[in-house]
Amino acid sequence: MSERYDVVVVGAGPAGLSAARAAAGQGARVAIVDDNPRAGGQVWRQGPWHPAQQPLRVLMDDLAPGGRVTWWQSSRVVAPLAGRELLIESEQHGGVRISYDRLILATGARERLLPFSGWTLPGVTGAGGLQALIKGGVPVRGERLVIAGSGPLLLAALATARDAGADVLAVVEQASAWAVAHFALRLMRTPSKLAQATTLTRGFVGLRYWTGSVVHAARGAGRVEQVTIRRGAREVTLACDRVACGYGLEPNVLLGESLGCTVAAHRTSLVLVVDDLQQTSVANVFAAGECTGVGGMELARVEGEIAGLAAVDAAPAARARFADRARWRRFAANVDAAFALGEAARALPPDDTLLCRCEDVTVGAVRAHANWRDAKLQTRCGMGACQGRICATAARTYFGWGTEAGAGTGRAAPRPPLQPTQIATLIEAADS
């Protein structure tokens, strides 16, 4: 099966939907490919008790008329093919080849998980993972939760957990009190964000919000029962039913790299490099949203709109959005500076802590090697089901592997298939 479109957008979050709307509004025939059954990405994730939020409903209504937008939901990109084609695996149609004139990558980001003793216990998740579970219908009413890590995602997880009836014992932020206070003052320049923060936290009334603190260990018999938090030189242990710990987001550059797009290092992350019109180093391939650098929903939407307009040669209209993009990039830079990972968050856990939980490889086993490739060859770290999506990020954070000066040039492209795939889908590619 083969289909052709003017513009293919990979990702149905804020950036992807905004890009699709902008391109379709200029008369282009657009396809949206997303691995979730419902649109919205992680920011606007829907669920049994979480209907579509108002911004998502507006975008969906704008995309509905005209028949110019085709949805490929519950579909994953397996591999890029020659001749501007993608091999995707659809839940409904199996292996499908879709070709494009222009491609927009809005692949978003995934949560950065940093191992600690007990992080593989049932009941321990990421902060964003907790949100996804709750929106997917997992009951947490009455459960005692500790939310930890860094950044605004903790506040979003706090609001979601409270709304679901959980008892949030504490929010544990690794950034210093000075950095958080400085960031809060800067929020005065962005009233909409200040109001949002106040709503999410309820003004921190009745909540322990501990700054300069990190999760040291989780313990329990069969599942998490308590968590120890390191606050400077002292430790505090709380009895709890769940721990949600995430240290910000990691841009998802996998598809971009497989296409040959240039990536660059930013702190402990890799991002897709784009120009003013959101075009990557590969002709006819654009990128927008968190895959070009984590900046929040508002920035993702503006970047998506610019990419969608630029992809259909509407550059003047795209340039009219540059001022908004610059404003939200400044806000993103403030967030990045305030919640940059400190020494305590980047400190290596004990050598017997699992780094790669897929292949049961410890921190000590990985630390003995000079680089990520050597560690993979000698220990199988990163060779399991998640293909290094979690442990490679942690290794980059702890050891700096892949973020040295000049990283991103000459990097080996990821090998297809990019996702676990049925044999029938690969046969589709071979037949092409």
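A crossing of two helices is called left-handed if the near helix is turned anticlockwise from the far one by less than a right angle. I begin with that definition since we will need it in a moment, and I should also say at the outset that the structure above is a predicted model.

Let us start, then, with two helices that meet, H5 and H10. In general, two packed helices are described by the angle between their axes and the distance between the axes. Here the axes of H5 and H10 come within 9 Å of each other, and they cross at roughly 165 degrees. Angles over 145 degrees count as roughly antiparallel, and that is why H5 is described as roughly antiparallel to H10. As for the handedness, H5 passes H10 in a left-handed crossing. If you would like to find the meeting place in the structure, look in H5 for Ala 179, Phe 183 and Arg 186, which meet Phe 331, Asn 334, Val 335 and Ala 338 in H10.

Phe 183 also brings us to the core. The largest nonpolar core has 48 residues, and Phe 183 is listed among those with the most contacts inside it, together with Val 7, Leu 17, Val 30, Ile 32, Ile 104 and Phe 339. Several elements each supply at least two residues of this core, including strand E1 (2-10), helix H1 (14-25), strand E2 (30-33), helix H5 (177-186) and helix H10 (322-338). Which helix gives the largest share of this core? That is H8, with eight residues. To take one core residue in detail, Val 30 is in contact, leaving aside its neighbours within four places in sequence, with Tyr 5, Val 7, Val 9, Ala 20, Ala 23, Ala 24, Arg 68, Val 69 and Thr 70. Apart from this core lies another, of 42 residues, among them Trp 210, Val 227, Cys 240 and Val 366.

Please keep Trp 210 and Val 227 in mind, as both come back when we turn to the sheets. As general background, strands of a sheet pair through backbone hydrogen bonds, either parallel or antiparallel.

In the parallel case, five strands form an open sheet in the order E8-E15-E9-E10-E11. Its edge strands are E8 (124-125) and E11, each of which pairs on one side only. Further inside the order, E9 and E10 pair in the parallel sense over six bridges, and Leu 145 stands opposite Val 168 in E10. E10 is also joined to E11, by three bridges and again in parallel, with Val 172 standing opposite Trp 210 in E11. Is E9 enclosed or open to its surroundings? Six of its seven residues are buried, so E9 is largely enclosed by the rest of the structure.

Two helices can be placed against this sheet. Helix H3 lies across E8, E9 and E15, running at about 125 degrees to E15. Helix H4 (residues 153-163) is mostly covered, with eight of its eleven residues buried; among those buried residues are Leu 154, Leu 155, Thr 160 and Arg 162. They pack against H3, E9, E10, H6, E11 and E15. After H4 comes Gly 165, whose phi is positive, near 90 degrees.

H6, which has just been named, holds Lys 193. Is Lys 193 buried or exposed? Since the cut-off for buried is under 20% relative accessible area, Lys 193, at 12%, counts as buried. Its contacts, not counting residues up to four places away in sequence, are Leu 187, Glu 298, Trp 328 and Phe 331, and you may recall that Phe 331 belongs to the H10 side of the helix pair we began with.

Finally, the antiparallel case is a sheet of three strands, also open, in the order E12-E13-E14. E12 and E14 (234-239) stand at its edges with a single partner strand each, so one side of each is left without a neighbour in the sheet. On average, and ignoring direction, neighbouring strands here are turned by 25 degrees against each other. E12 and E13 are joined by six bridges, and Ala 218 has Val 227 in E13 as its bridge partner. The loop between E12 (213-219) and E13 (226-231) contains Gly 220, which is partly exposed at 34% relative accessibility. Not counting residues up to four places away in sequence, Gly 220 touches Leu 121 and Glu 225. Between Gly 220 and Asp 374 the separation is 154 residues in sequence and 34 Å in space, C-alpha to C-alpha.

How values were computed: Residues numbered from 1 in each chain as written. Predicted model: local features only at pLDDT ≥ 70, side-chain atom pairs only at ≥ 80, totals over all residues. Heavy atoms only, no water. Helix = DSSP H or I, 4+ residues; strand = E, 2+ residues; numbered from the N terminus. Buried < 20%, exposed > 50% of the residue type's maximum accessible area, 1.4 Å probe, protein only. Contact = heavy atoms within 4.5 Å. Pairing = 2+ DSSP bridges. Axes fitted to C-alpha atoms, helices over the stretch in contact; angles between N-to-C directions. Core = buried A, V, L, I, M, F, W, Y, C linked by side-chain atoms within 4.5 Å. Parallel < 35°, antiparallel > 145°, perpendicular 65-115°, else oblique.
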